[in-house]
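Here's a short tour of a protein model, starting with its open and closed spaces and ending at its ligand. Keep the structure in view and look up each residue as you read.

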Amino acid sequence: MTTELHEFTAEPMIAYFSMEIGLKNDIPTYSGGLGILAGDTIKSAADLKLPMVAVTLISRKGYFTQEIDAHGWQTEKPVVWDPSRYMQLLQHKAKVSIEGREVHIQAWLYTVISPTGGKIPVLFLDTDVPENTPEDRCITDYLYGGDHAYRIKQEVVLGMGGVRILHALEFHIKKFHMNEGHASFLALELLLRFKRDIESVWDERSVWDIARVRDLCVFTTHTPVEAGHDKFPYPLVKQVLGEILPFDFLKDIAGKDSLNMTMLALNLSKYVNGVAKKHGEVSQHMFPGYHIHAITNGVHTFTWTCREMARLFDIYIPGWANEPELFVRCGSIPELELWEAHREAKRQLLDYVKQVTGDDFDLNVLTIGFARRATAYKRPHLLFHDIDRLVEIAEKNRIQFIYAGKAHPHDDSGKRLIQGIYEYSDKLKNKVPIVFLPGYNMDIALKLVSGVDIWMNTPLRPLEASGTSGMKAAHNGVVNFSVLDGWWIEGHIENFTGWSIGSPPNELSKPGESDAEDARDLYRKLETVIIPKYYSADKSPWTRMMKNAISKNAYYFNSHRMMRRYVTEAYIR
Ligand SMILES: *Cc1c(COP(=O)(O)O)cnc(C)c1O
């Protein structure tokens with residue numbers, strides 16, 4: 001046992017399980033929002049000195065590096081990285097049984113160390129050990145890669161392997177937190193561990209101590225659509241796991257037709273939550289019979305504040321990074337200094353744009369950013385719904401757009417969306433400057449959310465469970481212009497913290513139906529409200545909104561506040 005771990009195993013811990021964790025740009029074990037949230041969770045836990053240990057997969061080939069070819073088509077390259085540059089390989093191993101073979105699991109230790117002195121160990125599970133077959137050595141290679149069989153094996157390693165490695169390392173775990181259903185096999189593992197040693201003729205199921213498992217488990221769901229939940233056909237489950245428990249019982253707790261990881265987590269967790277108030281309601285609707293709470297997401301304040309803004313906050317709001325509530329004092333920052341700090345961040349973003357695309361973007365032009373996973377429900381093409389209208393607006397006052405985002409490697413429709421942006425960019429050349437930045441990652445995200453003037457989001461309601469990039473923007477005084485869904489329902493005050501697009505959140509939209517209406521509202525507001533305010537000779541109204549974004553949005557939508565809520569509502573009950 002390393003001395004390093006000793007300091008963590010002395011007291012009871014909360015174990016946080018996530019398929020992906022984005023701690024920093026160089027450790028490519030994340031794909032997007034879910035992983036970044038996990039990373040922000042752990043960083044806040046470290047700042048707040050919470051007793052927590054995190055478990056995830058090593059993803060030796062990462063998610064992928066995005067490249068765009070001459071036709072605007074996304075291609076993927078595996079990420080090559082060396083865990084030993086950042087982490088320490090631990091001696092203890094665990095085993096799980098997969099397809100009747102023993103699969104050995106090793107763990108890499110990465111310790112998140114906060115300036116407050118708080119530390120959180122993060123265990124990255126890895127099956128690339130010589131004892132394993134060549135096929136099994138690849139289980140922890142590709143994040144969200146492969147087929148159903150590959151995915152279930154990964155989830156067995158994460159959930160069951162994770163519990164076993166914590167046990168081998170002598171951690172005392174008082175709560176297990178599943179970040180999304182990918183981790184639900186941890187609850188199954190606990191069920192097997194707590195099996196009662198009794199013979200009861202009248203109820204053979206009383207050997208399963210569900211209540212004890214539920215007491216230990218917390219589940220956060222992130223997906224507001226049924227189709228988004230991981231489901232595995234039972235024949236596959238049987239092939240991979242064998243009859244680890246009677247299947248008629250398993251079907252009772254994990255779903256009749258297929259093993260649904262969300263159902264499994266719902267049935268084996270005492271505390272369940274969605275990631276924004278609206279998402280909690282939508283999830284409650286989807287799962288009647290379960291009580292779904294809501295804890296709205298936040299982002300890690302220090303990570304997502306650009307250097308220029310941080311310098312300003314250090315002067316006018318000392319202590320802000322570990323106490324984001326102090327943003328309430330944002331009014332004390334002189335308007336001109338705030339504007340100049342933003343201009344500097346913008347200059348750096350536009351330099352980066354020039355460097356990677358060759359395009360000259362103008363520092364004095366209203367710049368709108370849009371970056372997220374390229375998938376239909378995010379509607380990246382809403383802006384182009386009526387091209388003539390867009391051009392008409394841009395002819396009167398100049399506007400420019402910066403896009404970024406990855407499509408899942410198997411998602412050709414997502415790749416077509418990216419290609420579409422290239423086509424629009426070409427078509428509108430000399431009229432509306434539009435650029436797509438390839439390779440969206442944490443570094444590019446920070447450049448974008450701090451360097452544009454407005455952050456735009458146009459999801460189809462109610463499919464944006466929370467959304468977090470808009471919270472990052474707010475930390476940098478960048479104002480949101482978004483559809484009222486997810487976190488923005490809670491953060492939006494019209495013309496004060498930002499602007500809405502489309503109808504109020506109580507009206508759910510259907511694909512296609514609301515596009516025209518939402519686009520109309522987008523154009524109208526851009527033309528008659530946002531552009532005049534931005535180009536007004538008096539900069540005060542705009543900088544006041546920047547301050548409101550910080551003092552009202554960043555003040556609340558940070559992961560310190562989120563973690564305090566997890567502690568008081570989920571962990572210590
Ligand atoms: C914040 C972030 C996301 C998630 O943004 P959403 O607004 O929730 O879609 C995805 N990818 C990267 C690299 C991020 O930094």
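How do the residues of the lining of the second largest pocket divide into nonpolar, polar and charged? The split is 15 nonpolar, 10 polar and seven charged. In this scheme Ala, Val, Leu, Ile, Met, Phe, Trp, Tyr, Cys and Pro count as nonpolar, Asp, Glu, Lys and Arg as charged, and the others, Gly among them, as polar.

Before going on, a word on what you're looking at. This is a predicted model, where local features need pLDDT of at least 70 and side-chain atom pairs count only at pLDDT 80 or more, while totals for chains, interfaces and linings use all residues. Residues are numbered from 1 along each chain as its sequence is written, and side-chain values use heavy atoms, with hydrogens and water left out.

**The second largest pocket**

This pocket has a volume of about 820 Å³. Its lining has 32 residues, and Phe 302, Thr 303, Trp 304, Thr 305 and Leu 446 are the ones nearest its centre. A pocket, on a 1 Å grid over the protein atoms alone, is an open set of points with protein on both sides within 12 Å along at least five of seven lines; a cavity is a set of points where a 1.4 Å probe fits but cannot get out, and lining residues have an atom within 4 Å of a point. Grid points are joined across faces, edges and corners, and a volume is the space filled by probe spheres set on the points.

Helix H15 (442–451) gives the most to this lining, with five residues. Helices (H or I, at least four residues) and strands (E, at least two) are DSSP runs, numbered from the N terminus. Where does the pocket lie? Domain 1 (3–65 + 74–195 + 212–298 + 562–571) and domain 2 (307–557) both give residues to its lining, so the pocket lies between them. Those domain bounds come from an automatic or database domain assignment.

**The cavities**

Now for the closed spaces: there are three cavities of 30 Å³ or more. Two of them are set side by side here.

| Cavity | Volume | Largest share of the lining | Lining by class |
|---|---|---|---|
| Largest | about 60 Å³ | H14, three residues | nine nonpolar, one polar, two charged |
| Second largest | about 50 Å³ | H20, four residues | six nonpolar, five polar, no charged |

The lining of the largest cavity includes Phe 370, Arg 372, Arg 373 and Tyr 403. Strand E16 (399–404) and helix H14 (412–427) are the elements that give two or more residues to that lining. Around the second largest cavity you'll find, among others, Tyr 16, His 177, His 222 and Tyr 571. Here H2, strand E9 (173–179) and helix H20 (559–571) each supply at least two lining residues.

**Around the ligand**

Which residues come nearest the ligand? Of the 14 around it, they are Lys 378, Ala 445, Thr 468, Ser 469 and Lys 472. To count as near, a residue needs a heavy atom within 4 Å of the molecule. By class, this shell has five nonpolar, six polar and three charged residues.

Three polar contacts (pairs of N or O atoms within 3.5 Å) are worth finding. A backbone N or O atom of Thr 468 lies 2.9 Å from a ligand oxygen. In the side chain of Ser 469, an N or O atom is 2.5 Å from an oxygen atom of the ligand. For the side chain of Lys 472, the distance from such an atom to a ligand oxygen is 2.6 Å.

Taken alone, the ligand exposes 380 Å², and the protein buries 93% of that; these areas come from the Shrake-Rupley method with a 1.4 Å probe. Helix H2 (33–47), H15 and helix H16 (469–475) are the elements that give two or more residues to the shell. Domain 1 and domain 2 both contribute to that shell, so the ligand lies between them.

**Two backbone oddities**

Most residues other than glycine have a negative phi, and most peptide bonds are trans. Arg 379, which is not a glycine, has a positive phi of about 50 degrees. A cis peptide bond joins Arg 461 and Pro 462, with omega about -5 degrees.

Conventions: Polar contact = N/O pair within 3.5 Å; in protein donor to acceptor, adjacent residues only side chain to side chain.
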